[in-house]
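User: I would like a close look at one part of this model, set in the context of the whole. Please be careful with terms and give their cut-offs as you go.

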Amino acid sequence: MNSFLQIYPYLIAGWIFLCGLYGIATSRHLVHMVISLAVLQTSTYVLLLNIGYRIHGAAPVFVGISPGTITVDPVVQALMLTDVVVEATVVALLLAMAVTAHDRAGTLSPDDLRMMRG
Amino acid sequence: MNSRWRTRIFFAAAIGFAWIYFLGVKNLPPWGDYRGIYGQMISAVSVHERHATDAVNAIDYDYRGFDTLGEEFILFASVLGAMLLLRRPERPETTTPPEKGLSDAVKVSAAVAFSVLVIFGIYISTHGQLTPGGGFQGGVILASASMLIYIAENFSVFKRITSHPAVEVLEALGAGFYAVIGLVPLVLAEPFLTNWLPLGTTGNVFSSGTIAAISASVGIEVTAGFLLLGYTYLEDIIAKTGEEQNE
């Protein structure tokens with residue numbers, strides 16, 4: 001049981017990933033699909049923060065704590081910061097594509113967007 | 001392929017993924033016992049080496065500054081792509097009736113909230129090397145402050161501010177400064193993105209050398225980029241509502 005709890009945080013990340021993937025696979029609306037992609041990407045935050053966590057580790061901000069203190073891993077946090085920014089801009093770009101698709105085809109359902117037109 | 005089959009195929013794939021993922025994480029080191037040495041090292045040296053108390057930003061803007069440069073250009077390219085996709089043919093100003101602003105009480109509260117947000121955004125962008133924050137976060141706060149202008153006033157006021165050519169110039173400058181700050185050390189025969197500015201006193205706003213400078217330039221770029229995004233989307237929505245009303 002203990003070993004299950006050790007990997008439980010990682011399983012949550014996998015679960016969120018699958019939730020997002022389910023949303024994308026069964027989506028009937030492009031905006032819904034973009035939000036599902038955002039959910040899917042959220043799983044990487046959970047995974048990264050859990051990997052870098054250290055029990056009794058302080059936040060990696062050395063204000064009021066001495067430089068030698070054990071902290072949680074700052075590298076994965078920096079990675080996560082990158083991830084958040086990229087997600088925000090990619091969502092913006094994909095939503096712009098959805099708007100364009102709606103202008104061209106008059107629909108936002110991926111099933112009706114099947115034909116490619118020049 | 002109908003949606004039922006799509007769901008079935010998804011679940012078959014999901015079970016496979018879940019199994020492989022479980023095998024992958026099953027033998028990871030126990031949770032809370034991270035053994036990566038890189039982060040520990042940076043935690044230990046960032047205050048001494050870079051005079052930056054926030055190790056996360058020391059990584060983002062200095063130790064792994066090259067990666068953040070790439071990330072910043074992802075942001076730049078995405079904003080550019082969204083503007084390109086949503087661009088509309090130039091047309092003379094439509095004869096939409098003047099929009100009515102909200103009540104004076106809302107305008108006054110929005111003005112107060114706007115000033116607080118702007119100050120907070122600038123604070124977050126410039127203190128990234130000391131406490132959690134930095135250019136990306138501060139830039140988003142600054143850009144979202146502009147939405148208050150739209151809420152309290154109307155779109156034409158918002159447009160006057162955000163479609164100003166200065167915003168586009170600032171976006172390019174913000175992105176460019178990062179690269180320029182990184183290129184300066186090459187002239188001094190040092191590697192790309194070496195921290196060449198004076199490091200200053202730890203805990204001071206003007207400390208940590210290029211970390212603070214890069215954070216500020218990223219703040220400018222993100223502010224301008226998100227202002228442009230907000231403007232592009234709002235203009236698209238408003239142009240479409242105008243067309244619907246005219247029909």
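What follows is a request about one helix and the loop after it, and then a single connected reply.

User: Where does helix 8 of chain B pack, and what does L199(B), in the loop between helix 8 and helix 9, touch?

Analyst: This is a predicted model, in which local features need pLDDT of at least 70 and side-chain atom pairs count only at pLDDT 80 or more, while totals for chains, interfaces and linings use all residues. Residues are numbered from 1 along each chain as its sequence is written, and chains are lettered from A, as ligands are numbered from 1, in the order in which they are written. The model scores ipTM 0.84 and pTM 0.86; chain B averages a pLDDT (the predictor's confidence in each residue, from 0 to 100) of 86, with 94% of its residues at 70 or above.

The setting comes before the detail. Chain B contains 9 helices and 0 strands, where helices (H or I, at least four residues) and strands (E, at least two) are DSSP runs numbered from the N terminus. Its C-alpha atoms fill a box of roughly 65 × 60 × 40 Å along the principal axes, and its radius of gyration is 23 Å, whereas a compact globule of 247 residues would have one near 18 Å; the radius is taken over C-alpha atoms, and the globule rule is 2.2 Å times the number of residues to the power 0.38. Of those 247 residues, 34% are buried: a residue is buried if 20 or more other C-beta atoms, placed from the backbone, lie within 10 Å of its own, exposed if 12 or fewer, and partly exposed in between.

Helix 8 of chain B covers residues 165-187, 23 in number, and reaches 32 Å from its first C-alpha to its last, close to the 33 Å expected, the expectation being 1.5 Å times one less than the number of residues. E171(B), G174(B), A175(B), Y178(B) and I181(B) are buried in this helix. An α-helix has 3.6 residues a turn, so residues three or four places apart point the same way. The buried residues of helix 8 pack against helix 4 (65-85) and helix 9 of chain B. Helix 1 of chain B (residues 3-26) offers a contrast, because 0 of its 24 residues are buried and it lies largely in the open.

After helix 8 comes A189(B), whose phi is positive, near 60°. Further on, L199(B) is found in the loop between helix 8 and helix 9, and it counts as partly exposed because it has 18 C-beta neighbours inside 10 Å. Leaving out residues up to four places away in sequence, L199(B) touches R50(B), H51(B), S207(B), S208(B) and G209(B), a contact being a pair of C-beta atoms, placed from the backbone, within 7 Å. The C-alpha atoms of L199(B) and E49(B) are separated by 8.9 Å, although the two residues lie 150 apart along the chain. Its partner H51(B) sits in the loop between helix 2 (37-50) and helix 3 (55-63) of chain B; it is not a glycine, yet its phi is positive, near 60°, and it counts as buried because it has 23 C-beta neighbours inside 10 Å.

Helix 9, against which helix 8 packs, leads on to the largest nonpolar core, a set of buried Ala, Val, Leu, Ile, Met, Phe, Trp, Tyr and Cys residues joined through C-beta atoms within 7 Å. Among the 61 residues of that core, A58(B), I59(B), A82(B) and V222(B) touch the most other members, and helix 9 (residues 210-246) gives the most to it, with 13 residues. I59(B) also reaches the other chain: beyond its neighbours within four places in sequence, it is in contact with P74(A), V75(A) and A78(A), as well as I42(B) and R64(B).

Across the interface as a whole, 40 residues of chain A are in contact with 47 residues of chain B. Helix 3 of chain A gives the most to chain A's side, with 16 residues, and that side divides into 27 nonpolar, 11 polar and 2 charged residues; here Ala, Val, Leu, Ile, Met, Phe, Trp, Tyr, Cys and Pro count as nonpolar, Asp, Glu, Lys and Arg as charged, and the others, Gly among them, as polar.

Methods:
Contact = placed C-beta atoms within 7 Å.
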